[in-house]
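Subject: Structure handover

Hello,

Here is the structure I promised you. Please open it alongside this note, and then read on for what turned up.

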Amino acid sequence: MSIRTADDLTLDGRFRLPEGAPAIVVIAHPHPTYGGSMEVPLVVSLARAVADAGYGSLRFDFRGVGRSGGTHEGGRGEPVDVAAAVHAAHDLAGGAPVVLAGWSFGADMTLTCTDDVVAGWCTVAAPLRFAEGDALAAGADERPKLLVVPRHDQFRDPDAAAEATASWPATDLVVVEGADHSLMGFSADVAAHLVGFVERVVSPAA
């Protein structure tokens, strides 16, 4: 599918939408300079897991990646891409709430978006450095957030992540034991955390 951004770029995306899905998850990929795209195995696994659980999923390539237009901007233009994906997902799902998820660079980019249709944020191995200060606007938001942090993350380990987000409201942190930033071999663990978070956000009384 094609996603149009506010600055007139066309992004490439893939979506799955089970019938009656009560929410849709937008998944943002890692840093393009290091091979990040919507086709990396962990992103594909997360999209498949949420769809198998009955939720919609939308993964997309940031500007300058794959068949998406524009060029990579190191985090300056990519928040516009996230906002466009959120709007597209909301429309696809018939107005259902959107949960934002992202891995690494993509995690930081999702934290820049506080659109009203967003129900919560699930970040995976967020470096918390590609968008600085006020750009990580979701940090101050009262809606729920889950930080999924590898025990041996080379960029922001659990202690550092906890310290950096200590003032964030409605924020939980879970540790993926044995994993580093690549999360190789831990896709099922990450998917379980994401699906559990979506279930909690969409049906908080359950």
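What should helix α2 span at 1.5 Å a residue, and how far apart are its end C-alpha atoms? Before the answer, one caution: this is a predicted model. Helix α2 covers residues 78-92, which makes 15 residues. At 1.5 Å a residue the helix should span 21 Å. The end C-alpha atoms are 21 Å apart, so the two values agree.

Several residues of α2 are buried. They are Glu-78, Asp-81, Val-82, Ala-84, Ala-85, Val-86, Ala-88 and Ala-89. Just after the helix comes Gly-94, with a positive phi of about 65°.

**Salt bridges**

Asp-81 of α2 turns up again here. It belongs to a network of salt bridges with Asp-7, Arg-63 and Glu-73. Across the whole structure, the search finds eleven salt bridges. Here are three of them.

- Asp-8 pairs with Arg-4, at 2.7 Å from N to O. Asp-8 is exposed, with a relative accessible area of 53%. Arg-4 is partly exposed, at 48%.
- Arg-16 pairs with Asp-52, at 3.6 Å from N to O. This pair links distant parts of the chain: Arg-16 sits in strand β2 (residues 10-16), Asp-52 sits in helix α1, and 36 residues separate them. Arg-16 is partly exposed, at 40% relative accessible area. Asp-52 is exposed, at 57%.
- Asp-141 pairs with Arg-143, and their closest N and O atoms are 2.8 Å apart. Asp-141 counts as buried, because its relative accessibility is 15% and the cut-off for buried is under 20%.

**Helix α1**

Asp-52 shares this helix with Ala-49, since α1 runs over residues 41-52. Is Ala-49 buried or exposed? Ala-49 is buried, with a relative accessible area of 19%. The cut-off is under 20%, so Ala-49 falls within the buried class. Leaving aside neighbours within four places in sequence, Ala-49 is in contact with Ala-191 and Val-195. Ala-49 and Val-195 are 146 residues apart in sequence. In space, their C-alpha atoms are 7.2 Å apart.

**The loop between β7 and α4**

This loop lies between β7 (145-150) and α4 (158-164), and Asp-153 is found in it. Asp-153 is buried yet has no salt bridge. Which side chain of opposite charge is nearest to Asp-153? That is Arg-156, and it is 7.6 Å away. A salt bridge needs nitrogen and oxygen within 4 Å, so this pair does not qualify.

The side chain of Asp-153 does have backbone partners. One of its polar atoms lies 2.7 Å from the backbone nitrogen of Phe-155. The backbone nitrogen of Arg-156 lies 3.1 Å from a polar atom of the Asp-153 side chain. Not counting residues up to four places away in sequence, Asp-153 touches Ala-125, Ala-179, Asp-180 and His-181.

Gln-154 is in this loop too. Gln-154 is exposed, with a relative accessible area of 51%. The residues that Gln-154 touches, not counting those up to four places away in sequence, are Asp-180 and His-181. The side chains of Gln-154 and Asp-180 are joined by a polar contact of 3.4 Å. Gln-154 and Ala-125 are 29 residues apart in sequence, and their C-alpha atoms are 9.4 Å apart in space.

**Cysteines**

How many disulfides are there? The count comes to zero. Cys-113 is in no disulfide, and the nearest cysteine sulfur, that of Cys-122, is 15 Å away. Cys-122 is likewise in no disulfide, its nearest cysteine sulfur being that of Cys-113 at 15 Å. A disulfide is a covalent bond between the sulfur atoms of two cysteines. The cut-off for a disulfide is 2.5 Å between sulfur atoms, so a pair at 15 Å is not counted. Cys-113 counts as buried, at 6% relative accessibility. Cys-122 counts as buried as well, at 1%.

That is the handover.

Best wishes

Terms used. Residues numbered from 1 in each chain as written. Predicted model: local features only at pLDDT ≥ 70, side-chain atom pairs only at ≥ 80, totals over all residues. Heavy atoms only, no water. Helix = DSSP H or I, 4+ residues; strand = E, 2+ residues; numbered from the N terminus. Expected span 1.5 Å × (residues − 1). Buried < 20%, exposed > 50% of the residue type's maximum accessible area, 1.4 Å probe, protein only. Lys, Arg positive; Asp, Glu negative; His and termini not counted. Polar contact = N/O pair within 3.5 Å; in protein donor to acceptor, adjacent residues only side chain to side chain. Contact = heavy atoms within 4.5 Å.
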